[in-house]
Amino acid sequence: PDVLRTHIEYLSEFYCFVSVDELAAMSDPRGFAAVTFDDGYRCVFDETMPLLESLGVPFTVFLNSGNFEGAVFWRDKVRLISSLGLIAEFEAFMDGIDSAVDERFYRYTKSPRNNSEVVDRQLDLFLESQCLEVRGSGYCVTSLEELPDSAYVNYGNHSHRHYVLSSLLSTEQNLEIKNTKNWLDKLPAEKCSDI
């Protein structure tokens with residue numbers, strides 16, 4: 001928070017902070033800036049929100065609605081496999097994932113050349129075959145009720161399961177966006193970003 005305070009105070013000398021929706025609607029956004037955060041991490045609300053409120057800075061948090069349904073980010077599954085030293089075993093197991101796009105496990109699992117749904121399904125199948133259960137990190141909010149109702153925060157759509165959207169078919173992309181929109185529609189309209 002102290003580093004963020006320093007950055008915001010410095011940037012305030014050159015920019016007026018507005019919501020991301022206001023910034024996007026401006027015909028000439030020079031001199032304006034917006035603050036956004038992805039994924040709905042609890043620390044944004046616990047540590048960052050009080051600071052931004054005290055400085056009068058609006059911000060938008062882009063949420064993944066899969067968290068509200070108990071889904072685990074695919075990247076947490078990748079981290080588990082990596083931390084347990086099971087990358088070679090996963091690579092021998094996986095089907096339909098091109099590891100040649102990058103030599104690093106984490107990088108090729110998020111490559112747009114690999115369909116994120118396929119990657120996620122293969123991660124689940126592998127973890128099940130290893131009798132491993134992965135839990136969410138606990139770092140993100142998991143219900144709409146946990147979202148603060150501050151005048152300074154709005155909420156936006158960051159897809160349902162945090163997949164690499166460019167890796168998906170257009171119907172899959174639409175579903176990822178629609179699922180989160182359905183959750184956001186439960187919030188008051190003035191709390192939701194149109195971006």
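## Strands β3 and β4

In this predicted model, strands β3 and β4 run side by side, paired in the parallel sense over four bridges. One place to see the pairing is Asp38, which stands opposite Phe62 in β4.

Follow β3 along its length and you will find its side chains alternating between two faces. Val35 and Phe37 point to one face and are buried, while Thr36 and Asp38 point to the other face and are not buried.

## The three-stranded sheet

Strand β4 has another partner to look at. It covers residues 59-63 and pairs with β5 in the parallel sense over five bridges. Here Phe59 stands opposite Val153 in β5.

Put together, the strands form an open sheet of three, in the order β3-β4-β5, with parallel pairing. Because β3 (35-38) and β5 (153-157) each have a single partner strand, they stand at the edges, and one side of each is left without a neighbour in the sheet. Neighbouring strands of this sheet are turned against each other by 25° on average, with direction ignored.

## Thr60 in strand β4

Is Thr60 buried or exposed? Thr60, which sits in strand β4, has a relative accessibility of 0% and so counts as buried.

Its surroundings help to complete the picture. Leaving out residues up to four places away in sequence, Thr60 touches Val35, Thr36 and Phe37, and also Asn154, Tyr155 and Gly156. Val20 and Ser193 are among the residues it touches as well.

## Helices on the sheet

Which strands does helix α3 lie across? Helix α3, made of residues 42-55, lies across β3, β4 and β5, and runs at about 160° to β4.

Helix α8 (residues 170-184) also packs on the sheet, where it touches β4 and β5. The direction of α8 makes about 150° with that of β5.

## Arg75 and its partners

Now move to helix α4, residues 74-83, where you will find Arg75. With a relative accessibility of 7%, Arg75 counts as buried, because the limit for that class is under 20%.

Which side chains make polar contacts with the side chain of Arg75? One belongs to Asp39, at 3.1 Å. Another belongs to His162, at 3.4 Å. Not counting residues up to four places away in sequence, Arg75 touches Asp39, Tyr41, Tyr106 and His162.

## Salt bridges

Side chains of opposite charge can pair when their charged atoms come close. How many salt bridges are counted here? The count comes to twelve.

One of them joins Asp98 and Arg113, with the closest N and O atoms 3.0 Å apart. Asp98 lies in the loop between α5 (87-93) and α6 (105-109), and Arg113 in the loop between α6 and α7 (116-129), so the pair ties together parts that are 15 residues apart in sequence. Asp98 is partly exposed at 28% relative accessibility, whereas Arg113 is exposed, with a relative accessible area of 60%.

A further salt bridge is formed by Glu176 and Arg161, whose closest N and O atoms are 2.7 Å apart. This pair links distant parts of the chain, with Glu176 in helix α8 and Arg161 in the loop between β5 and α8, 15 residues apart. Glu176 counts as buried at 1% relative accessibility, while Arg161 counts as partly exposed at 26%.

## More charged pairs

The side chains of Asp185 and Lys181 also meet in a salt bridge, at 2.9 Å from N to O. Lys181 is partly exposed, with a relative accessible area of 45%.

Some charged residues are joined in a wider arrangement. Lys77, Asp120 and Asp124 are linked in a network of salt bridges.

## Cysteines without disulfides

How many disulfides are counted? The count is zero. Cys140 shows why its own sulfur is unpaired: the closest cysteine sulfur, in Cys43, is 8.6 Å away, which is too far for a bond. A disulfide would need the two sulfur atoms to be within 2.5 Å.

Cys140 is buried, with a relative accessible area of 5%. Cys16, by contrast, is partly exposed, with a relative accessible area of 41%.

Terms used:
Residues are numbered from 1 along each chain as its sequence is written. This is a predicted model: local features need pLDDT of at least 70, side-chain atom pairs count only at pLDDT 80 or more; totals for chains, interfaces and linings use all residues. Side-chain values use heavy atoms; hydrogens and water are left out. Two strands pair if DSSP finds at least two bridges between them. Axes are lines fitted to C-alpha atoms, for helices over the stretch in contact, and angles run from 0 to 180 degrees between N-to-C directions. Contact means heavy atoms within 4.5 Å. Buried means under 20% relative accessible area, exposed over 50%, partly exposed in between (1.4 Å probe, protein chains only). A polar contact is a pair of N or O atoms within 3.5 Å; within protein, one must be able to donate a hydrogen and the other to accept it, and residues adjacent in sequence count only if both atoms are side-chain atoms. A salt bridge is a side-chain nitrogen of Lys or Arg within 4 Å of a carboxyl oxygen of Asp or Glu.
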